[in-house]
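Take a moment with the sequence and the model below. Then follow the text from one contact surface to the next.

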There are 2 protein chains.
Amino acid sequence: MGPMGDMTEPRWLDDEEQRTWRAYLHATTLLEDHLDRQLQRDAGMPHIYYGLLVQLSQAPRRRLRMTELAKSAKITRSRLSHAIARLEKSGWVVRENCPSDKRGQFARLTDEGMDVLRRTAPGHVAAVRQALFDRLAPEQVEQLGAIMRVMAEGLEPADPDADLPWLR
Amino acid sequence: MGPMGDMTEPRWLDDEEQRTWRAYLHATTLLEDHLDRQLQRDAGMPHIYYGLLVQLSQAPRRRLRMTELAKSAKITRSRLSHAIARLEKSGWVVRENCPSDKRGQFARLTDEGMDVLRRTAPGHVAAVRQALFDRLAPEQVEQLGAIMRVMAEGLEPADPDADLPWLR
DNA sequence: GACTCGTTCTTGAAAGTTGAACTACATACG
DNA sequence: CGTATGTAGTTCAACTTTCAAGAACGAGTC
């Protein structure tokens, strides 16, 4: 990015870009709200908490280290601590000590947690389908995937050394 | 949606859909986080608050009724009340009584608020550009717009009578 | 061992969000 | 009018997220 105090006129969005950007903001907030409400109603937790349970359900022995879980859910460790505390109160997750690193903690999905997931996953998939995949043409699904992957590339939390190639 | 207790196996996402859905979740959360941090750093407020100022800046006399603003920002009136209270403390917005409806309130963008917007808009546009438009091919911008419009259609808060056509 | 430094995870307080209850005013209808 | 019902906005309590410490351990160095 340019130096501070850069006085050059910024490149504003053109018409097509504006329309797309507005549509993006509109659609993504509507979908996030929709899924949040759907899951709050049917599973008693917000979308992000549900995502945590899903991650755990797919992990070996249904458990993950806190830091790994935080990374894959793209939230801070602090936020995760609070979230896991809440999920633990609900009985869907338990914490377990890590024998090889006494600082470490695992979050493990309980059987109750797995049950909640089994009960609510169909409704959640249905909601996603209904909002997205049942409304898009197959090409559009591919296009969306490609676009999202491009976006993610540009935003990926940088490898600490990635911007220091001259040091290698 | 089907009746409760529906025992039929739900249609899960196929491979392509899974990949796209994951990419969508990944990319949208990364972008939202990125913009939130960028605006928190450069403008001292989260993305949604910035959006409120933008809406106001484009409205006639730089003011809108609370309910209208809430609708166009797609947030609850409750959330808006808190947000405007906060923006009022920062001096960027003021509340004004509505003469024609004594229940009503306008939120009006102050000159200070307008200044913040002028100062920070270039950086924000640059961030959006860098994350999105500078990385997408022109066709992809169009595709993204089309896809987001389809999504929004399916999620649009329903007109109360929209699903009761037989009553007209 | 003792020192330093980095990592893991938690904590507490402040800020933000939600959904329901509530106040005040508007509108419709008899 | 008067009463009922709806709408605009705020407020409260419960919950979630953020930010800035902080406690506990690991790893390297002397």
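What follows covers the contact between two protein chains, then the surface around a DNA strand. The model is predicted.

Start where the chains meet. Chain A brings 56 residues to the contact, and chain B brings 56 residues as well. The size of an interface is often given as the accessible area lost when the parts come together. Between chain A and chain B, that buried area is about 5600 Å². Carbon and sulfur atoms give 69% of the area. On the chain A side, three residues lose the most area to chain B: Trp21(A), Lys74(A) and Leu155(A). Together they make up 11% of what that side buries.

Now look at the polar links between the two chains. Chain A and chain B are joined by 6 salt bridges. One salt bridge pairs the side chains of Arg135(A) and Glu153(B), with 3.8 Å from N to O. Polar contacts across the interface of chain A and chain B come to 14 residue pairs, counting pairs with both residues at pLDDT 80 or more.

Which helices of chain A supply at least two residues each to the side that touches chain B? They are helix 1 (15–43), helix 2, helix 5 (111–133) and helix 6 (138–155). Helix 1 of chain A gives the most, with 18 residues. By class, the chain A side holds 30 nonpolar, 12 polar and 14 charged residues.

Turn next to the DNA. How many residues surround DNA strand D? There are 20. The closest are Ser78(A) from chain A, and Thr67(B), Ser81(B), Arg95(B) and Arg103(B) from chain B. Of the atoms of DNA strand D that come within 4 Å of the protein, 66% belong to sugar and phosphate.

Several side chains approach the phosphates. In chain A, an N or O atom in the side chain of Arg79(A) is 2.7 Å from a phosphate oxygen of DNA strand D. In chain B, a polar side-chain atom of Ser81(B) lies 2.4 Å from a phosphate oxygen of the strand. For Arg95(B), an N or O atom of the side chain is 2.3 Å from a phosphate oxygen of DNA strand D.

Four helices give two or more residues to the surface near DNA strand D. Chain A offers helix 2 (47–58) and helix 4 (77–89). Chain B offers helix 3 (66–73) and helix 4 (77–89). The surface near DNA strand D has 9 charged residues, 8 polar ones and 3 nonpolar ones.

Methods
Residues numbered from 1 in each chain as written. Chains lettered and ligands numbered in written order. Predicted model: local features only at pLDDT ≥ 70, side-chain atom pairs only at ≥ 80, totals over all residues. Heavy atoms only, no water. Near = heavy atom within 4 Å. Polar contact = N/O pair within 3.5 Å; in protein donor to acceptor, adjacent residues only side chain to side chain. Nonpolar A, V, L, I, M, F, W, Y, C, P; charged D, E, K, R; others polar. Contact = heavy atoms within 4.5 Å. Buried area = accessible area lost by both parts, 1.4 Å probe. Salt bridge = Lys/Arg side-chain N within 4 Å of Asp/Glu carboxyl O.
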